[in-house]
Amino acid sequence: MAAGEELTLSSHIQHHLVNAKMCTVDGSVAFNKACAEAGFWTWNIDTLAYSIILGVLFLWVFRNAAKKATTGVPGKLQCFVEMIVGFVADNVKDTYHGKSKLIAPLALTIFVWVFLMNLMDLVPVDFLPSFAAFVGENAMAVEPGHVYMKFVPTTDINLAAGLALGVFLLMIGYSIRIKGVLGFIKELTLHPFNTKNVPLQIALIPFNLLLETIALFAKPFSLALRLFGNLYAGEMIFILIGAVGLAQLPLHFPWAVFHILVITLQAFVFMMLTIVYLSMASSDNH
C-alpha cells in the first residue's frame with residue numbers, strides 16, 4: 001500500500017512537470033507522448049500559449065493606460081503604470097551609462113513580462129490542468145491522464161534560455177556597435193592579461209580568449225538558470241502542496257504570500273542583470 005501511495009505521488013508530480021508538446025511525425029501533427037522521438041523541433045505549446053497571452057495582456061494594458069493618460073488627476077490605472085515606468089526608468093538611469101533609446105523599453109518589457117509569467121505560479125496547481133483534462137476528455141475524447149499542461153512559462157528552461165539568448169545577442173550587438181568588430185575582437189583577446197611585450201602578448205591571446213569567452217557565455221547561462229531554478233523550485237513546492245487534495249488551499253495561501261516576494265525579485269533581478277550586461281557591453285573601458 002505504501003508503495004502504491006508513493007507511486008501515486010510520484011505520478012502526480014511527474015504529470016505536472018510535463019509540458020504539452022506538439023510536433024510533426026511522418027508529415028502529420030502529433031502531440032505529447034507521440035513526440036518522444038521527434039527531436040529538436042518539438043514545441044511546448046503551453047509555454048508558448050501562456051507567454052504570448054501574457055505578453056499581449058501587458059501590451060494591451062499599458063497601451064490603454066497611455067491612450068487614456070491625462071495631465072489632470074490620473075486614474076488608478078495611470079497611477080499604477082506610471083509607478084512601474086518611473087521605477088524602471090530610475091533603475092535604467094542609475095545603471096546604464098551609455099545612450100540608447102532601446103534600454104528603458106526593453107527593461108520595462110522584461111520586468112513586467114517576466115513578472116506576469118512568474119505570477120502564474122500563484123494559481124492553484126491543479127486548477128488549470130484539471131480544466132484542460134476535463135475539456136480534453138469531453139471535447140476531444142482524450143484520456144485525462146494524457147492531457148498535460150504547465151501554465152508557468154518561466155518554469156520551462158526553453159523559455160528562460162530563449163530570454164537569455166535574446167539578451168546575449170543584444171550584448172554582442174551593442175559591443176560591436178560601440179567598439180566595432182576589431183574592438184570587440186581586441187576585448188576578447190587582449191584582456192584580462194595585458195602587457196606591452198608583444199611576443200608575450202601574442203602568447204597570452206589563447207588564454208585571454210578562453211577566459212573572456214567563458215565569462216561572456218556565463219552571463220546568459222547564469223541568467224537563464226537563475227530564473228528557471230528559482231521558479232522551478234517554487235513550482236515543485238506548490239505541486240507537493242497540491243498532492244494533499246482539497247486541503248491544499250490552506251497550505252497554498254501562506255506559501256503563495258511568501259512566493260510573491262520571489263516572483264517579484266526574480267523579475268527585478270532579470271531586468272537589472274540585463275541592464276548591467278548591456279551597460280558593460282556598451283562601455284569603451286574594459
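Modeller: Two strands pair if DSSP finds at least two bridges between them. Helices (H or I, at least four residues) and strands (E, at least two) are themselves DSSP runs, numbered from the N terminus.

Biologist: What kind of model is this?

Modeller: The model is predicted: local features need pLDDT of at least 70, side-chain atom pairs count only at pLDDT 80 or more, and totals for chains, interfaces and linings use all residues. Residues are numbered from 1 along each chain as its sequence is written, and side-chain values use heavy atoms, with hydrogens and water left out.

Biologist: How many helices and strands does the protein chain have?

Modeller: Eight helices and three strands. From the N terminus, the order is α-β-β-β-α-α-α-α-α-α-α. The C-alpha trace spans about 75 × 60 × 40 Å along its principal axes.

Biologist: How do you know that E1 pairs with E3?

Modeller: Count the bridges. Strand E1 (residues 21-25) and strand E3 (residues 43-44) are joined by two. The rule asks for at least two, so E1 and E3 pair. They run antiparallel. Lys-21 stands opposite Asn-44, and Met-22 has Trp-43 as its bridge partner.

Biologist: What makes E1 and E2 a pair?

Modeller: Four bridges join E1 to strand E2 (residues 28-31). That meets the rule of at least two. E1 and E2 also run antiparallel. Thr-24 has Val-29 as its bridge partner, and Val-25 stands opposite Ser-28. The two strands form a hairpin with two residues between them. In the turn, Asp-26 has a positive phi of about 55 degrees.

Biologist: In what order do the strands lie in the sheet?

Modeller: The order is E2-E1-E3, in an open sheet with antiparallel pairing. E2 and E3 are the edge strands, as each pairs on one side only.

Biologist: Why is Asn-32 called buried?

Modeller: Its relative accessible area is 18%. Buried means under 20%, exposed over 50%, partly exposed in between (1.4 Å probe, protein chains only). Asn-32 is under the lower cut-off, so the residue counts as buried. Asn-32 sits in the loop between E2 and E3. Asn-32 has a positive phi of about 50 degrees, although it is not a glycine.

Biologist: What makes Lys-67 exposed?

Modeller: Its relative accessibility is 57%. That is over 50%, so Lys-67 counts as exposed. Lys-67 lies in helix H2 (residues 45-67). Its C-alpha atom is 9.8 Å from that of Gln-78, 11 residues apart along the chain.

Biologist: Why is Leu-251 called partly exposed?

Modeller: Leu-251 has a relative accessible area of 45%. This value falls between the two cut-offs, so the class is partly exposed. Leu-251 lies in helix H8 (residues 248-282). The C-alpha atoms of Leu-251 and Leu-227 are separated by 24 Å, with their positions 24 residues apart along the chain counted as the separation.

Biologist: How do you know that the span of helix H3 agrees with the expected one?

Modeller: The expected span is 1.5 Å times one less than the number of residues. For the 20 residues of H3 (residues 76-95) that gives 28 Å. The end C-alpha atoms are 29 Å apart, which agrees.

Biologist: Which residues of H3 are buried?

Modeller: They are Gln-78, Val-81, Ile-84, Val-88, Asn-91, Val-92 and Thr-95. An α-helix has 3.6 residues a turn, so residues three or four places apart point the same way.

Biologist: How much of the protein chain is buried?

Modeller: Buried residues make up 40% of the 286 residues.

Biologist: What share of the contacts comes from residues 24 or more positions apart?

Modeller: Their share is 70% of the contacts with a separation of 6 or more. A contact means heavy atoms within 4.5 Å.

Biologist: Where is the cis peptide bond?

Modeller: It joins His-191 and Pro-192, with omega about 5 degrees. Pro-192 lies in the loop between helix H6 (157-189) and helix H7 (198-242).
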